[in-house]
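Me: I would like to go through how the descriptions of this model are justified. Please set each value against the rule behind it.

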Amino acid sequence: MREVAVVSSAVHQVEALTFTTDVQLMVPLINQARDSVGLTQDDIGFTCSGSSDFLAGQGFSFVQTLDAVGAFPPIAESHVEMDGAFALYEAWVKLQIGEVDTALVYSYGKSSPGSRRDVLAVQLDPYAMAPLWPDAHSVAALQARRLLESGGVTLGQLAEIAVRSQRNAVGNPNALRASADVTVDDVMADAVVADPLRAADLAAEADGGCAVVLAAGHRARELCDRPAWIRGIDHRVDAHGLGVRDLTRSPSAALAAARAADRAGFEADAVDVAELHASSTAQVHLLTGELSLGDDVRIDPSGGSLAGDTLMAAGLVRIAEAARQVASGDADRALAHASSGPCLQQNLVCLLEGE
Amino acid sequence: MGSLGERTAVLGVGQTRYQSTRGDVSIAGLVREAALRALEDASCTWADIDAVVIGKAPDFFEGLMMPELFLADALGCVGKPILRVHTAGSVGGSTALVAASLIQGRIHRRVLTLGFEKQSESNATWALSLPQPFSVSINAGAGGYFSPIIRRYMARSGAPELIGCMVAFKDRRHALRNPYAHLHQPDLTFDQVVDAPMLWDPIRFSETCPSSDGACAMVLGDEATGDAADGPVAWVHGTAMRSEANNFPGRDEVNPQASRDCAVDVFSQAGITDPRSEIDAVEMYVPFSWYEPMWLESLGFAEPDRGWRMVEDGSTGMDGGDLPVNCSGGVLSSNPIGASGMIRFAEAALQVRGMAGDHQVDGARRAFGHAYGGGAQYFAMWVVGADKP
Amino acid sequence: MTGVPDERGRLRADLVIEYPFTRTTGPVVGAFMTGLRDGRIVGSRRTDGRVFVPAVEVDPETGDAITEIVEVGSTGVIETWTWVDPPRPGSPWEDPHGLALVRLDGADTPMLHGVLVESADDMATGMRVEAVWKAERVGHITDLKGFVPEGTGQAENSAEGTERAVDETDEAVRSIRTPIRLEYDFIPSAAAQEYLHAYADKRILGNRSPVDGAVFVPPRGVDPRHGVAATEMVELAHTGHVGNFCVTHLPIPGRDDLPTPYVSAWIHLDGADIGFLGLVAGCDLDDVRIGMRVRAVWKPDEDLGATAENVLYWEPTGDPDVPVDRAGNRAWRDSAPGEVVEDA
């Protein structure tokens, strides 16, 4: 396995990018990520992005966003209609081949112009589920109730997760929901949005984007003081139907973590911090179990996706945040998680380590 | 010689019949038909597959957002990795290349890759040209975009007016030899092609591609699986992708630099210095007939402004041509958009495996697969050969 | 498609993505839909006896096909639920309702559907429910109105006349209609707002690249070749040349006002370095050519608004053509790096 590291990143998340297009959002982020390690696009060996046409309400929306890269002279480039974490995986694979040493990865999502919870219903089984238009909050609630009633977690514990996220998010400029003094009682007093979930249990919807530069081997060491080495990365998918799965589990998350750990040489629980991509506090709880994260692991030091969740970018943002923890020396080992689909159907786990 | 990384082989190919409406299957049924045929061709079962890479054009076609999630079960993918690629019209090619990279990078040993579109669930003009507020809507569909570029090519190359019709007639004749092709028009005459209504002058209806349902799949494997295969495999000799911005000063939209760069890269990996003599069969993305001479020039099969002469003198036809192009009938005869690029790549593989049936080029040893997308700005190409690189 | 300024002068418009998708079902999903039409719920049975409801065509664990269709009960038990208030746009329900995974008697997997009760207080995991049906059924998941507490559905079902005799000659359902409608609040970017507002004053704006001075129209706030922000606005001439064009013989959706054939062209304004799309008229279609000099024909002043539609079309000026090899984007090639090309 070739050594590949995250050497720089740039993130921007806000509640709504009302007067900014995707391309205008990404120009400064891509430039910031490249500039901070002294690279221009000519120095980048492979570029890969992630986005969704359905969010943009426009087919081929990524074609316009390519303008943010400065793709001339022409570049080796690809795009996934997935979260940017999967674009990063594709770039990591490309770096494994050995023909290029650097990669630019970016993704973005601007869900504020539409009703995101309803748009996401179009992801579901188009015959027997989508025509009922089950919105994303309701789907998350079905899973949360299964977890609560299976005895795995209590509403109070979910509130504690919400409080931890909001407190950790203080000082994170990309967090939409942060509070130093929020309490469990405050959260428990909130109105129920999607029974049994309260507003604070659901990830704060954001518009935003993220750009990351990857580099291999000595190139990474040249570019930054403390590269965040990707020791292991893997992703897996579960069955689609809500009825055919045990919603209290996410086997694909556990499997991705195990496979990533095989490559990394250390277990997913042997990390200092973990950044999780969850759409509800219940999912944070579920993932904590599937990834075997113990009490000594600092979970979501940035606030996690609960504090700011940009559809199509939140997973890549988790990798960027985990890498920052390593780069700054705040962590030696970090886990970043990304997910896609209803009820954590698809999961990616990335294990990072400093030297 | 050859690209870096693990040697990669095409172990199996599977295609559905392409037609306007596959009314007998669901979306899952459509993709499984191609996938199961590819598995059978590769003598594999679902359990042998390590990962799946799926591609298609805009999700609006089926009104299903990120369909890889719904299709995970149908593609035997539960508990495995699945990636979903979208690079506009080139997506079928890019998808195959992402799958190849999983082998080349030694991540997996066998990967299933698949492109599909079920265009009949909606309507191509609607899905490709969703109106955007505040923009003046005067160009309908891809034809309105590419017609001016073709006009520019005609002006600068001095090509005779009916070259496009010759390409269209040739590809429709080729399609008669391909049982999977959408358009089977045995009674079509050249005069009918010429007399077809003009849609986007200079593009006639007969010079455009149909709107198809369909899926195409391949099983790719590493060197050991390729060596162990009972039947013939196609070895990957070169892979390349290039993209450039859509509209900028100085852009050569007729012969984009991304296309030229991509071809130079892929041929160099394959050790090819004279593509015309060293390639035995070409599967090229030609959704509008004039793109055949344009790409012949861009890719280095013809001198600048002389690609049309190869069409005129029959060089690109199956009967007697020295560089048969689109023996399958090409995009002009079948166009399930998300699969169209992969069909080019898969047909190239079938040629060097000697498994192209009635549209087999005798003795083909090396073949070229090509796809492009967006405003002729996304390119994916591969060279495959009968011999291990 | 245009919009109107709000009270603060900001342009916005509704963007609606809407299509009545037709989905062909194949045999297994078709059997499920056929069952619904006939007032029955069917699943598919795996060889080990496990029954999936709704019927699935593939075993999620192995990828193998499942083809055996079996009928299950129309009563069952709620495994998990939530409460939807207000009901979601596009959903079949007009009142607040439960949404639940219901495992029907005889099924091993639960199915998603609505639960029609007064409030969340009437919902509970483990509650037994029964199906209630529409009277007019077509073979669609919404033929099932939802579930109600067991023992309370009979009145509704018989009032609706559920006992539809299954006619043996009825064909199996082969396709379903699943309309999708998504609404977006489309707000142009700040650069686009300025561009559109300038049209009301008969001004056409572009962005100038800070790198090489190239001018882009419409202004998108970016130089795509260099990937940098381009925020400087420049006003452009109302004259230019045809960089390239298409004679369209097809009517296009939403433009019933455009008689065919018509000419759409890449208009390269004097002072701009890329083209943008416009109509060419005021001359014989056969006279339109690459390099032809044109000028804007504007709407009457009283009809002007914040829209690019203010330019009705571009008509020939009669001036000598720009040479073909200097027309369009290619003109830039002839210039020295950094030099701004002024056409003609």
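Reply: The model is predicted. Chain C is divided into domain 1 (16-181) and domain 2 (190-334). Over C-alpha atoms, the centres of domain 1 of chain C and domain 2 of chain C are separated by 54 Å.

Me: What makes these two stretches of chain C domains?

Reply: The bounds are called domains because an automatic or database domain assignment sets them. That assignment gives residues 16-181 to domain 1 of chain C and residues 190-334 to domain 2 of chain C.

Me: How do you know whether the radius of gyration of chain A agrees with that of a compact globule?

Reply: The globule rule is 2.2 Å times the number of residues to the power 0.38. For 355 residues a compact globule would have a value near 20 Å, and chain A has 19 Å, so the two agree. The C-alpha trace of chain A spans about 55 × 45 × 40 Å along its principal axes.

Me: What share of chain A is called buried, and by what cut-off?

Reply: A residue counts as buried if 20 or more other C-beta atoms lie within 10 Å of its own. In chain A, 75% of the 355 residues are buried.

Me: Which residues bring H4(A) and H13(A) together?

Reply: Gly84(A), Ala85(A) and Leu88(A) in H4(A) meet Gly315(A), Leu316(A) and Ile319(A) in H13(A). The residues of this contact divide into 4 nonpolar, 2 polar and no charged; Gly counts as polar. The axes of H4(A) and H13(A) are 5 Å apart, at an angle of about 65 degrees.

Me: Why are S5 of chain B and S17(C) called paired?

Reply: Two strands pair if DSSP finds at least two bridges between them. Strand S5 (residues 198-201) of chain B and S17(C) have 2 bridges, in the antiparallel sense, so the criterion is met. Trp200(B) has Thr248(C) in S17(C) as its bridge partner.

Me: How many residues does each chain give to the contact of chain C with chain B, and which element of chain C gives the most?

Reply: Chain C gives 56 residues and chain B gives 45 residues. On the side of chain C that touches chain B, S2(C) gives the most, with 9 residues. That side has 31 nonpolar, 16 polar and 9 charged residues.

Me: And what does the contact between chain B and chain A take from each chain?

Reply: This contact takes 49 residues from chain B and 45 residues from chain A. H3(B) provides the largest share of the side of chain B that touches chain A, 5 residues. By class, that side has 26 nonpolar, 15 polar and 8 charged residues.

Note on methods
Residues are numbered from 1 along each chain as its sequence is written. Chains are lettered from A and ligands numbered from 1 in the order in which they are written. This is a predicted model: local features need pLDDT of at least 70, side-chain atom pairs count only at pLDDT 80 or more; totals for chains, interfaces and linings use all residues. Two residues are in contact if their C-beta atoms, placed from the backbone, lie within 7 Å. Helices (H or I, at least four residues) and strands (E, at least two) are DSSP runs, numbered from the N terminus. Axes are lines fitted to C-alpha atoms, for helices over the stretch in contact, and angles run from 0 to 180 degrees between N-to-C directions. A residue is buried if 20 or more other C-beta atoms lie within 10 Å of its own, exposed if 12 or fewer, and partly exposed in between; C-beta atoms are placed from the backbone.
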